[in-house]
Amino acid sequence: MTAADPPALRLAGISKRFGGIVANDGISLTLGRGEVLALLGENGAGKSTLVSILFGHYVADAGTVEVFGRPLPPGVPSAALAAGIGIVHQHFTLADNLTVHDNVVLGTERLWSLRSDRAGARTRLLATAAKFGLRVDPDARVGTLSVGQRQRVEILKALYRDARILILDEPTSVLTPQEAAALFATLSKLVADGLSIIFISHKLPEVLRVSDRIAVLRAGKLVATVDSAGADGARLAELMVGRAVRRPVARDHARGDTVCVLTGAPAARVDGDALVDVSLSLRSGEIVGIAGVSGNGQEALAELLSGLVAATRGTVRVAGRALSPDPRNWTAAAVARVPADRFAVGVVADFSLWENAIAERYRNPFSIGGVLRRPAARRYAQAIVDRFDVRGAGLDAPARALSGGNLQKLILGRALTGGFLDPADFEPVLIVVSQPTWGLDVGAVADVHQRLLDASARGAAVLLISDDLDEVLAVSDRIAVIHAGRLTDARPAAAWTRAEIGLAMAGTPQEAARAA
Amino acid sequence: MRLEAREHYSRVALVAAPFAAIAFTLVVTMLLVAWAGAPIGRTYALMFAGGFGSRFAWSETLTRATPLILTGLSVAIAFRARLWNIGAEGQLYAGALAAVAVGGLHGGSGPEIPASLLFPAMLAASVVAGAVLLLLPTLLRTRFGVDEVVTTLLLNFIVLLFVSMMLDGPMKDPTALGWPQSVALRDDLQLDKLIPRTRVHTGLVYAVVLAAALAFVLRATTFGFGMRAVGASARAAAFAGIPVGRTMALVAVLSGGLAGLAGAIEVAGRTGYVTLDMSPGYGYTGIVIAMLAGLNPLGVVAAATFIAGVLVGSDSMSRGVSVPTYIADVIVAVSLVSMLVATLFVRYRLRRR
């Protein structure tokens, strides 16, 4: 490469507004050839918008994109593909019912050609896979592959189309630690071959590990570009959030009696997500984290412990009582529930804040003779807004208007206060939270973690189900790993190594893992 | 060009939407009037005069509005809970048939039941008939996921054929010279006239009171809360512990019951017996009314009055100028489409790429 070579990618003054929201504000960036550039930023910082503009899904209001020195026409995904840009989305875009081969070749053949050079395509595919260590069976159906394997197919798909610039959107969010390590190895092979990579993430350690340079985005603006070598993690976190981040603190407290027991190999099924055996017991005052790759039964476990589905086998007891699968019984038994999908399940998006605040308890205590006690309901909602610092909208605004973090505060507030104005009147016995910080910014994550730690210090048993291993490690007293609907023993957090958890997440038996 | 969701939509726009839709509709139909070769100004003036221009016009409009308010309420309440009841027409006929079955069939034979008892029984029968007719498709949907749009729509035709069978069979009026017409309701079960020497009957009072009651139920009661929650997001409602299936079933009973009641009120207030053409599509027009009203019960009263005025006014207009009465159907249909588009623009904005 000579100095005269244009960079792989040059963005100049990219701006994009959505209504009143400025998603990208005059962003200028260059990506050198053979470079790994990390885009670091919180949710809503504008990373995804920028990528969508690059790939032609959106048209920027202002600014230009140059690929290898040639301007990229805006709003034409096929032009981006032709220019050598490949994207691996966070949510994969693969056809489950087709084979790996078909998925990779799909869209590269001429539409009206009668002949299909399958053998030739296969040779090329296998050669590409071998070159970069992307081991997959070309004849396997994508539906049967693990998440890590599917990601490899996505990368292979981009490489098969001769991508010279690869954009990876939050690639590690669904991977086990081992799979993530394999991905990083692949990336270094790609870079050695001359590819340029944009790596989007909000996880600092991995960004520092894989990238050459880091571009930090905040509120649509590029706030800093730093070399990764010698970069300071704490300083980057501050740049990303815009202020110093307070870390949640755990207070020492005693563990109490067992409050929730799952015995007799409980099983349940929610859509495609099945539980086979999740024996577990939770004691008052402790946080038990459930780690695992998503889609291994977490959803069914959360619904089972939220009173939404019945166990098809085994029993679930809370405070000594078997509760029937009706959420009203669970809230009445002082179980606080926070669902994984806060927009679609946690709130009725079109309902006002105060209506959502009472949704779990609108019959009791917020009605008399079938008529809603509107003033009492509003007072209660206001109390939640004040105590949990829900910002951004008034009591009469629809919940839709809240940001993710504020929405989560509202849901958490509703669950943890149990319909009482005075915090002294109610303590939950059991708190079941699922993906509680998914998509939240660093400040909101710390807030949610602190609320959970405080609640457990006051005596609640907390079950934390999360795909984010860092989160599980950060707050849990004990950790169990879920794989294919089965739960490992819940061992103290200190008794696990990260590698052991990774192996358990991938389904390796614990004995074998220990022997290895 | 693409549609982009608005972050906030204004209440003013929400209220203005039906007026904008109606204004647009009148502009579109203006072209048709011009095509028919009639003077546009005079046509609309005649239509307005025929619908709202005199005491007589108002009385006819309100008579026509009475069943429309009830079917409009029926649809509005169902749509609020995302129960797509397209079967108000059939439920209306079922209610009318049930009303005559209770209040007309046994005439002369058996013990005489006093009107004070038979009248509520007649209304109850019509409510039950309509409710059952909607409850079946609703249970099929909540239990097995059968699309209720299809089932309720197709049930309309089944009910109409059933009515036809009854009118030519067990419920045929032997004195009707062979016309397919049911036996008449007992005289003392007919509704009183609200205004003397007009056709406006006390059914209008029932309809308006029910609209007010429903507005209260929706806004202030736990049942209304649950119903709105299920309609807005069934998954979120289920998570919060609101019984989705039971709420849907109750909504079906309410919605079907209202449409059934419309049938009974129509028989008791206007026709006196059931014929196959007693409803010129009141059930379907109820959908338009509910949409124009933004699914608001009180708005239904206003929208039903407006649509009734258009229907009545176009009748008298067509006698004055050479525009067929079908123009009323066009107005009703176009106003539904433009209302849907207007609602879309309240929630989304159009952006050039």
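Start by selecting residues 36-40 and 196-201 of chain A: these are strands β3 and β8, which run parallel and are joined by 5 bridges. The model is a predicted one. Now pick A:Leu40 and look for its bridge partner in β8(A), which is A:Ser201. Strands of a sheet pair through backbone hydrogen bonds, in either a parallel or an antiparallel way.

Next, widen the selection to the whole sheet. It is open, has 6 strands, and its order in chain A is β6-β7-β8-β3-β9-β10, with mixed pairing. Which strands stand at the edges? Select residues 85-88 and 221-227 of chain A: these are β6 and β10, and each has a single partner strand, so one side of each has no neighbour in the sheet. On average, neighbouring strands of this sheet are turned by 20° against each other, direction ignored.

Keep the sheet on screen and add two helices. Residues 147-160 of chain A form helix α5, which lies across β6 and β7 of chain A and runs at about 170° to β6(A). To find β7, select residues 165-169 of chain A. Residues 177-192 of chain A form helix α6, which lies across β3, β7 and β8 of chain A. The angle between helix α6 and β8(A) is about 150°.

Now move to another helix pair. Select residues 404-417 and 442-457 of chain A, helices α14 and α15: their axes are 10 Å apart and they pack at an angle of about 10°. Angles under 35 degrees count as roughly parallel, which means that α14(A) is roughly parallel to α15(A). Show the side chains of the contact: A:Gly405, A:Gln408, A:Leu412 and A:Leu416 come from α14(A), and A:Ala444, A:Val448, A:Arg451 and A:Ala455 come from α15(A). By class, the residues of this contact are 5 nonpolar, 2 polar and 1 charged.

Then display chain B as well. In the contact between the chains, 27 residues of chain A meet 19 residues of chain B. On the chain A side, the elements giving two or more residues are α10 (327-332), α11 (342-346) and β19 (371-372). Colour that side by class and you will find 15 nonpolar, 7 polar and 5 charged residues.

Finally, zoom out to chain A as a whole. Chain A has 18 helices and 24 strands. Its radius of gyration is 25 Å, close to the 24 Å that the globule rule gives for 516 residues, so chain A is as compact as a globular protein of that length. Along the principal axes, its C-alpha atoms fill a box of roughly 75 × 55 × 50 Å. Of the 516 residues of chain A, 45% count as buried.

Technical notes: Residues are numbered from 1 along each chain as its sequence is written. Chains are lettered from A and ligands numbered from 1 in the order in which they are written. This is a predicted model: local features need pLDDT of at least 70, side-chain atom pairs count only at pLDDT 80 or more; totals for chains, interfaces and linings use all residues. Axes are lines fitted to C-alpha atoms, for helices over the stretch in contact, and angles run from 0 to 180 degrees between N-to-C directions. Helices (H or I, at least four residues) and strands (E, at least two) are DSSP runs, numbered from the N terminus. Angles under 35 degrees count as roughly parallel, over 145 as roughly antiparallel, 65 to 115 as roughly perpendicular and the rest as oblique. Two residues are in contact if their C-beta atoms, placed from the backbone, lie within 7 Å. Ala, Val, Leu, Ile, Met, Phe, Trp, Tyr, Cys and Pro count as nonpolar, Asp, Glu, Lys and Arg as charged, and the others, Gly among them, as polar. Two strands pair if DSSP finds at least two bridges between them. The radius of gyration is taken over C-alpha atoms; the globule rule is 2.2 Å times the number of residues to the power 0.38. A residue is buried if 20 or more other C-beta atoms lie within 10 Å of its own, exposed if 12 or fewer, and partly exposed in between; C-beta atoms are placed from the backbone.
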